[in-house]
Amino acid sequence: MMNSSYLTALKSIWTKEVNRFLRIWVQTLIPPAITMTLYFVIFGNLIGKRIGEMSGFSYMSFIVPGIIMMAVITNSYSNVASSFFSAKFQRNVEELLVAPVPNYIIIWGYVGGGVIRGLLVGFIVTCVSLFFVELHIFNIFALLLSVLCTSILFSLAGLLNAIFARTFDDISIIPTFVLTPLTYLGGVFYSIDLLPDFWQAVSHFNPVFYMINAFRYGFLGIADVSLIWSFAMIGSFIVLLYGLITLLLKKGVGIRS
Amino acid sequence: MHAIDLENIRKVYKGGVEALKGISLRVEEGDFYALLGPNGAGKSTTIGIISSLVNKTGGKVKVFGYDLDTQLESVKAQIGLVPQEFNFNQFEPPIQILVNQAGYYGIKRKDALIRAEKYLRQLDLWGKRNAPSRELSGGMKRRLMIARALIHNPRLLILDEPTAGVDIEVRRSMWDFLKKINAQGVTIVLTTHYLEEAEMLCRHIGIIDKGTLVENTSMKELLARLDSEVFILDVDSIENVPRSEHFIITKIDDITLEIEVKKGQSLNNVFAELSTQGVRVNSLRNKSNRLEELFVGLVEKGNLNDE
Ligand SMILES: Nc1ncnc2c1ncn2[C@@H]1O[C@H](COP(=O)(O)OP(=O)(O)O)[C@@H](O)[C@H]1O
Ligand SMILES: [Mg+2]
């Protein structure tokens, strides 16, 4: 049972985090809406017509879940990465460090902020997609669970990035060289059936693949791998990152001299 | 009960700088204590360790009896910290900063708003409560950090060079405020490199230099000592310590005396008094001590009025 002081502390971090991204909504909420609209127009509408069907659905219907997921991933990640890094950089993370707040509250506080931003942007992109395609929902439970787990996982990843980062460059390098390739290769735009065997096997090491797979199942009812296996993989990645971050905060890496 | 009890605190930073070489000191509950020392002496490091922002290399820290190593959260709950550098989010307005900080201590939003209003008014920031903090003046930012440090009603308030870069008028009103808070029972520790500031505010003082506590005494005693000079006299062999109405004379050995001379007193009177008692002085030298040297250093770096 969580002590009620901790709950108040947790809510305070959430409030602070939400205020932060709402204060700069032009940088945090508008760009993903624009980028994803472009994806819908170019890949879905213009090129998609030539591609025809994928896994039995129009190409547009096929990529909508992937694109929503892509927005959730990048926004959860960058919210926590930039917020925690600037808290370190401006030293206002000390406000938390001097207070009687255990590390797990700090983690879930920042992760909560990333999840709220990720889901909010996901919702905005979903609304935009309605202009282009009818929304199928095959299994709302799988859909919500997968989007929630995804934003938790990538918020954790953003936090990990921020803990190690020493400069602002360090929090843009990882998204460019790791996050974006993982997302694009995770099956946003194609079914991995289309890949040669070797690359299909490689895809199974990519966490994003399982997320998009489960999420697309929630919408369309089609999946490249089983749902249970997908959630088991996502869950393991979450536990792994959470454990690692707990260890780092305990040692004070990046936050205490 | 001691508000702070440090036992042989050591700190070696990554990279090998030995910032603290074993500091032991106690601060009584209710005291107003100054930690004085030149730049780089280790003041911020000491405070960082007490407030758990810096990991100590060795030693024991207790705050109101709670052990930093085993009762960290209880230690944290006792302390309000005003750090040396501005460390709030410059984009947040004061009211948000205070209410959030209160939240970290488990104070619910409704109560936090009441407290925030109280401190913002007392520190003359109420009119700016909704402005982004980066628009506040330097003095206002300091006061905002004081309000933030007090929001959970800590028993111990620690301020790291709170008046650096603040103009004289604001500084005086800050001093008055701190005196008031101390009179209400809050123990206060502040670091400074201005003797004058310590003199105006503090009852006890520790002087730290190159990671070592070189002095830990009451303000009164320190001032008395700074106000005098000690001379060492070589004399013809004596048996008893000569008596004096005006000077403190100590016998070191049969041919050496130590005499404390206050500012304004004349050395000639010393010789006169001694010769009436039949003591012959052969030579005299000034006893220099580390404390005085340190103060010369501090005074040369400038005092309160020359920023
Ligand atoms: N984060 C750090 N890493 C390495 N050395 C440091 C760090 N912080 C302070 N120091 C060094 O430790 C010594 C004491 O510094 P500090 O405690 O800040 O002194 P003061 O507050 O009395 O000016 C100085 O030599 C300083 O350069
Ligand atoms: Mg300092």
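Which residue is the bridge partner of B:Tyr33 in β8(B)? In this predicted model, the bridge partner of B:Tyr33 is B:Val189. This briefing begins with the strands around that pair, then turns to the two ligands, and ends with individual residues in helices, strands and loops of chain B.

**Strand β3 and its partners**

- Strand β3 of chain B spans residues 32–36 and is mostly covered, with five of its five residues buried.
- The side chains of β3(B) point in two directions: B:Phe32, B:Ala34 and B:Leu36 one way, and B:Tyr33 and B:Leu35 the other. Residues of both sets are buried.
- One partner of β3(B) is strand β8 of chain B, residues 187–192, and the two pair in the parallel sense over five bridges. The bridge between B:Tyr33 and B:Val189 links β3(B) to β8(B).
- Another partner of β3(B) is strand β9 of chain B, residues 204–209, where the pairing is again parallel and runs over four bridges. In β9(B), B:Ile205 stands opposite B:Ala34.

**Strand β6 and its partner**

- Strand β6(B) is covered on both faces. B:Ile79 and B:Leu81 lie on one side, B:Gly80 and B:Val82 lie on the other, and all four of these residues are buried.
- Strand β7 of chain B, residues 156–160, pairs with β6(B) in the parallel sense over four bridges.
- Within this pairing, B:Leu159 of β7(B) stands opposite B:Val82.

**Surroundings of ligand 1**

- The residues around ligand 1 are B:Tyr13, B:Val17, B:Ala19, B:Pro38, B:Asn39, B:Gly40, B:Ala41, B:Gly42, B:Lys43, B:Ser44 and B:Thr45.
- By class, this shell has five nonpolar residues, five polar residues and one charged residue.
- Helix α1 of chain B, residues 43–50, supplies the largest share of the shell, namely three residues.
- At B:Gly42, a polar backbone atom is 2.9 Å from an oxygen atom of ligand 1.
- At B:Ser44, an N or O atom of the side chain is 2.8 Å from an oxygen atom of ligand 1.
- At B:Thr45, a polar side-chain atom lies 2.5 Å from an oxygen atom of the ligand. On its own, ligand 1 has 560 Å² of accessible area, of which the protein covers 64%.

**The magnesium ion**

- Which residues coordinate the magnesium ion, ligand 2? They are B:Ser44, through OG, and B:Gln84, through OE1, at 2.0 to 2.2 Å.
- B:Ser44 belongs to helix α1 of chain B, while B:Gln84 belongs to the loop between β6 (79–82) and α3 (94–104), so the pair ties together parts that are 40 residues apart in sequence.
- Both donor residues are partly exposed: B:Ser44 has a relative accessible area of 31%, and B:Gln84 has a relative accessibility of 27%.
- B:Ser44 also appears in the shell of ligand 1, in addition to coordinating the magnesium ion.

**Polar contacts of two buried threonines**

- B:Thr46 is located in helix α1 of chain B. Why does B:Thr46 count as buried? Its relative accessible area is 3%, and buried means under 20%.
- A polar atom in the side chain of B:Thr46 lies 2.7 Å from the backbone oxygen of B:Gly42. B:Gly42 is also one of the residues around ligand 1.
- B:Thr217 lies in strand β10 of chain B, residues 212–218, and counts as buried at 9% relative accessibility.
- The side chains of B:Thr217 and B:Glu221 make a polar contact at 3.4 Å.

**Loop residues with positive phi**

- Most residues other than glycine have a negative phi. The following two residues have positive values.
- B:Asp124 has a phi near 65°. Its place is in the loop between α4 (109–122) and α5 (138–150) of chain B, and it is exposed, with a relative accessible area of 59%.
- B:Lys210 has a phi of about 50°. This residue is found in the loop between β9 and β10 of chain B, and it is exposed, with a relative accessible area of 55%.

Definitions and conventions:
Residues are numbered from 1 along each chain as its sequence is written. Chains are lettered from A and ligands numbered from 1 in the order in which they are written. This is a predicted model: local features need pLDDT of at least 70, side-chain atom pairs count only at pLDDT 80 or more; totals for chains, interfaces and linings use all residues. Side-chain values use heavy atoms; hydrogens and water are left out. Buried means under 20% relative accessible area, exposed over 50%, partly exposed in between (1.4 Å probe, protein chains only). Two strands pair if DSSP finds at least two bridges between them. A residue is near a molecule or strand if one of its heavy atoms lies within 4 Å of it. A polar contact is a pair of N or O atoms within 3.5 Å; within protein, one must be able to donate a hydrogen and the other to accept it, and residues adjacent in sequence count only if both atoms are side-chain atoms. Accessible areas come from the Shrake-Rupley method with a 1.4 Å probe; for residues, only the protein chains shown count as cover. Ala, Val, Leu, Ile, Met, Phe, Trp, Tyr, Cys and Pro count as nonpolar, Asp, Glu, Lys and Arg as charged, and the others, Gly among them, as polar. Donors are N, O and S atoms within 2.8 Å of the metal (3.2 Å for Na, K and Ca); water is not among the atoms, so sites may look incomplete.
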